[in-house]
Amino acid sequence: MVAPALPRPSRLLVGLPADEQRAPRPAEPRPGSSAMTERQPSEETRTAIPGIEEAVPPPSDERLAAAAASPLELSGAALRRLVDAAMDRIAPHLDSLPHQPAADTEGAVAVARSLVEPLPERPAPLDEVLELLFERAVPKSFNTAGPGYLAYIPGGGLPHSAVADLIAAAVNRYVGVFAAAPALAQLEANVVAWFAGLAGYPQAARGLLTSGGSLANFTALVTARRERLPEQFLAGTLYASDQAHHSVQKAALLAGFPPASVRSIPSDAAFRLRLDLLEEAIAADRSAGREPFLVVANAGSVNTGAVDPLGPLADLCARHRLWLHVDAAYGGFFLLTERGRQTLAGIERADSIVLDPHKSLFLPYGTGALLVRDGAALRRAHSVTADYMPPLSDDDELIDFCEISPELSRPFRGLGVWLPLKLLGAAPFRQALDEKLDLARWATDQLRAVPEVEILAEPELSLLAFRLAPAALAGAAGNRDRLDRLNRDWLARVNARRRVYLTGTMLGDRFALRICVLSFRTHRDRVEQALDDLRAAAREALAAWL
Ligand SMILES: Cc1ncc(COP(=O)(O)O)c(C=O)c1O
């Protein structure tokens, strides 16, 4: 695979002086003017699109009349009005994100129920619909795009990708088959090649963009199954640590493996997969006639951000001829940073890697990525032909995504990644990720200074886990339940302040709070607020429980 370098910023946004960027647009037709209702391509359009005159004669009067009668056929001017109206809501919404509550779900179920309705026969006014969305539905949710969202795995949602999605959906080109939109399919292939370059993969690597990490893990598992097991694969057994994301278990289930085929290997005190126990489990399964075929490693676990020992795991997998898949859905894009590369060293030896642009590349939800070191394996696992299909490429460099993925028709996901990287270049992403690494370490040091706080997981990347463990409740097993309830209460009190939103998890038999600093909108000021709230809420919770 040709791995072009990650792009430098385009002049188009970042290169212009700030006052030029803000320059007003040229005068546009006002609603109601004749230009707003015109349906013929303007002179500008005709000259901007090569070949338009020759290919398509101007529409007849009847055709224009028919189009004017159908609300489905939006003129360019009417579409602009629609987008402008949406923008009038989107822009203030985005600008106010830091001031919105970190989560606001009180009464949200009632709002949800109030929206149930039969398929509408009549049109609704645009204003009414936008009001419903922006004033009733959107506010009643976790503010996943805001700087205070430190829960689960954030990302933020770069607005540049929203623009890409608008373009992609508006031009509605077909990128499942290379021949249908070669240049656009190539842009997506470039994105995959950039990611493969980041992972240190060779030219032969291939990959695809999926809807998220779960589907990418699933596609990896199906590929590993095809490469390492016979067609009758039910003796196949796979291994992951007890910290693996549940999408691994789900992928196995969907790929036809009963739950008993998935071995959960205990992790060590730092929540990393234990190699000695993995070796033992493989040996036991082999002697019981089972067929070990796959190890799934964490490169940033969802619970604590743990990174399994990737180099030693690659050695072990090579020795046992097992496929090594690395779930770097959260951690993967830290490869952009020097510290991330050190932490994730060995990832380049994996057979496949999942990275989620909608996590550590800050994209809006809907984009995951799978890379496979031997790209031909993806094709072997997915390629099926049919008579009605257009000819697929026989040039290895020209990629038909339908041949290497479960999808045929698919959204043009590549644009949502390509556009922000092209407009901004890689540097701001690297800086933002470095900032998150610093913030997580700083938050850990601050929490360590609180006498009753126990750090359960130091940040390997930008995620940490901790709990209150006051001396009065520590030690005795009988206090475990009380300790958990104290910590759940602490979490609830922090979230009730609505400046940050945190979530908890079980680490073995201990309930822990987590902070995942990952949104590009989260900076030191918000982490300071998180710490202020944690300290104040800790005082209240301890007073209530001791
Ligand atoms: C480590 C890890 N793997 C996989 C996934 C699943 O990704 P997605 O939610 O994009 O399907 C997640 C989601 O948080 C994750 O943290």
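The buried residues of helix α19 pack against α10 (159–171), α11 (182–199), β1 (206–210) and α17 (357–360). Keep in mind that this is a predicted model. Helix α19 itself covers residues 413–424, and 10 of its 12 residues are buried, so you can think of α19 as mostly covered. The buried ones are Arg413, Gly414, Leu415, Gly416, Val417, Trp418, Leu419, Pro420, Leu421 and Lys422. Just past the end of α19 you'll find Gly425, with a positive phi of about 75 degrees.

Helix α14 (residues 275–287) can be looked at in a similar way. Its end C-alpha atoms sit 18 Å apart, which agrees with the 18 Å that 13 residues should span at 1.5 Å a residue. Just after α14 comes Gly289, and its phi is positive too, at about 85 degrees. Here are the two helices side by side:

| Helix | Residues | Number of residues | End-to-end C-alpha distance | Expected span |
|---|---|---|---|---|
| α19 | 413–424 | 12 residues | 18 Å | 16 Å |
| α14 | 275–287 | 13 residues | 18 Å | 18 Å |

**The seven-stranded sheet**

Strand β1, one of the elements that α19 packs against, belongs to an open sheet of seven strands. The order is β1-β7-β6-β5-β4-β2-β3, and the pairing is mixed. Which strands stand at the edges? They are β1 and β3 (262–265); each has a single partner strand, so one side of each is left without a neighbour in the sheet. On average, neighbouring strands here are turned by 20 degrees against each other, direction ignored.

Further into the order, strand β5 (residues 323–328) and β6 pair in the parallel sense over four bridges. One of the matched pairs is Ala328 with Leu355 of β6. In a regular strand the side chains alternate between the two faces of the sheet. Strand β6 (residues 352–355) shows two sets of side chains: Ser352 and Val354 point one way, Ile353 and Leu355 the other way, and all are buried.

**Helix α12 and its crossing with α18**

Helix α12 lies across β1, β2, β4 (291–298), β5, β6 and β7 (368–372), and runs at about 20 degrees to β7. Helix α12 (residues 213–228) also meets helix α18 (residues 375–382): their axes come within 9 Å and cross at roughly 90 degrees. That makes α12 roughly perpendicular to α18. If you want to find the contact in the structure, look for Val222, Thr223, Arg226 and Glu227 on the α12 side, and Ala377, Leu378, Arg380 and Ala381 on the α18 side. By type, the residues of this contact split into four nonpolar, one polar and three charged.

**A buried loop residue**

Gln243 lies in the loop between β2 (236–241) and α13 (246–254). Is Gln243 buried or exposed? It counts as buried, because it has 23 C-beta neighbours inside 10 Å and the cut-off for buried is 20 or more. Setting aside neighbours within four places in sequence, Gln243 is in contact with Ser267, Phe271, Asn298, Ser301, Asn303 and Ala306. The C-alpha atoms of Gln243 and Arg272 are separated by 7.9 Å, though the two are 29 residues apart along the chain.

**The four-stranded sheet**

Another open sheet has four strands, in the order β8-β9-β11-β10, with antiparallel pairing. Its edge strands are β8 (453–457) and β10 (503–507), each pairing on one side only. Neighbouring strands of this sheet are turned by 40 degrees against each other on average, direction ignored. Helix α21 (residues 480–496) packs on the sheet and touches β9, β10 and β11 (510–516); its direction makes about 25 degrees with that of β11.

Zooming in on one pair, β8 and β9 form a hairpin with five residues between them. Strand β9 covers residues 463–468, and its antiparallel pairing with β8 runs over four bridges. Ala457 has Ala465 of β9 as its bridge partner, while Ile455 stands opposite Phe466 in β9.

**The whole chain**

Stepping back, the protein has 22 helices and 11 strands. Of its 546 residues, 40% count as buried. Among contacts between residues at least 6 apart in sequence, 75% join residues at least 24 apart.

Methods. Residues numbered from 1 in each chain as written. Predicted model: local features only at pLDDT ≥ 70, side-chain atom pairs only at ≥ 80, totals over all residues. Pairing = 2+ DSSP bridges. Axes fitted to C-alpha atoms, helices over the stretch in contact; angles between N-to-C directions. Contact = placed C-beta atoms within 7 Å. Parallel < 35°, antiparallel > 145°, perpendicular 65-115°, else oblique. Nonpolar A, V, L, I, M, F, W, Y, C, P; charged D, E, K, R; others polar. Expected span 1.5 Å × (residues − 1).
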